[in-house]
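Good morning, colleagues. Today I shall speak about a ligand site and the pockets of one protein. Please look at the structure as it appears on the screen.

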Amino acid sequence: MNKELRQAVIAGNWKMNKTRPEAKALIEELIPIAEKANCGVVICVPFTNLETAVELTKGTNIKVGAENVHFEKSGAFTGEISADMLTEIGVEYVIIGHSERRQYFGETDETVNKRTKSALAAGLKPIVCVGELLWERECNITEEVVARQIKLDLFDVSAEDVKKTIIAYEPVWAIGTGKVATAEQAEEVCKLIRDTLAKLYDKETADAVTIQYGGSMNPKNAAELLAQEDVDGGLIGGASLKAADFGVLLDEASK
Ligand code: PEP
């Protein structure tokens, strides 16, 4: 089983949710639940909650991530945050290229690639999101779409750096819709991603990369998805906002 060669990681994506008091309450509830986990535990929170999250999780097994990062170091980029600004306050992970950013904020594979490289250069671990639209799946081009995203998003990223990168396979039609990819669909595309990495780098590198599934994962469907050979955890939206639900996913990923 190559699953042992890499760490399963459950990462919450809080999106634009939780005021500071709400974030504090959720994290305090989560800490004792996460303590038992035998997998990586990450919470990616809105910028305004990052410092609170870093402070509250000090000395625990919960790591903190941001939901986006800009690729320039500094300058006239109103509203943006640099990788150094994130590492300076103790952030360790960052989601890059989430489909909501691609869909609503004009994110492209080129900017995903730039953001990924500047995150890695600053010492952040990127969670790079890829996935097909429903229309692309119906046209039977999922493999082409996802392989293309992997090649473009990771262009010029070294083998050493790709091992620090998490890839999240998130079929766009499954995000926040309640429609989940079947375990077979999730495994098929996660394996395709690993095979693409093996071609771009080598098998040893590909086997070391954590590849998550994301898209309406919840306590009911997690066991089957997480049992797949090439699914190493999940990127979790809705179910990361309730400590008990997130805890079930941590338990499943720890098996
Ligand atoms: C996500 O936002 O990355 C996600 C997978 O959301 P949800 O779990 O709500 O579908």
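A word on classes before we begin: Ala, Val, Leu, Ile, Met, Phe, Trp, Tyr, Cys and Pro count as nonpolar, Asp, Glu, Lys and Arg as charged, and the others, Gly among them, as polar. By that division, the shell around the ligand holds four nonpolar, eight polar and two charged residues. Please note that this is a predicted model.

In total, 14 residues surround the ligand, and the closest are Lys 15, Glu 170, Gly 176, Ser 216 and Gly 237.

Which atoms of the protein lie at short range from the ligand's oxygen atoms? For Glu 170, a polar side-chain atom is 2.7 Å from an oxygen atom of the ligand. Gly 237 places a polar backbone atom 2.9 Å from a ligand oxygen, and a backbone N or O atom of Gly 238 lies 2.9 Å from an oxygen atom of the ligand. The ligand taken alone exposes 300 Å², and the protein buries 95% of that.

I turn now to the pockets. The largest pocket contains about 470 Å³ of space. Its lining comprises 21 residues, with Lys 15, Met 16, Glu 67, Arg 101 and Phe 105 nearest the centre. Helix H4, residues 99–104, supplies the largest share of that lining, three residues. By class, the lining has nine nonpolar, six polar and six charged residues.

The second largest pocket holds about 320 Å³ and is lined by 16 residues. Helix H12 gives the most to this lining, with three residues.

Key: Residues numbered from 1 in each chain as written. Predicted model: local features only at pLDDT ≥ 70, side-chain atom pairs only at ≥ 80, totals over all residues. Heavy atoms only, no water. Near = heavy atom within 4 Å. Polar contact = N/O pair within 3.5 Å; in protein donor to acceptor, adjacent residues only side chain to side chain. Areas by Shrake-Rupley, 256 points an atom, 1.4 Å probe, with all protein chains shown as cover. 1 Å grid on protein atoms, 1.4 Å probe; cavity = no way out; pocket = protein on both sides within 12 Å on 5 of 7 lines; lining within 4 Å. Points joined across faces, edges and corners; volume = space filled by probe spheres on them. Helix = DSSP H or I, 4+ residues; strand = E, 2+ residues; numbered from the N terminus.
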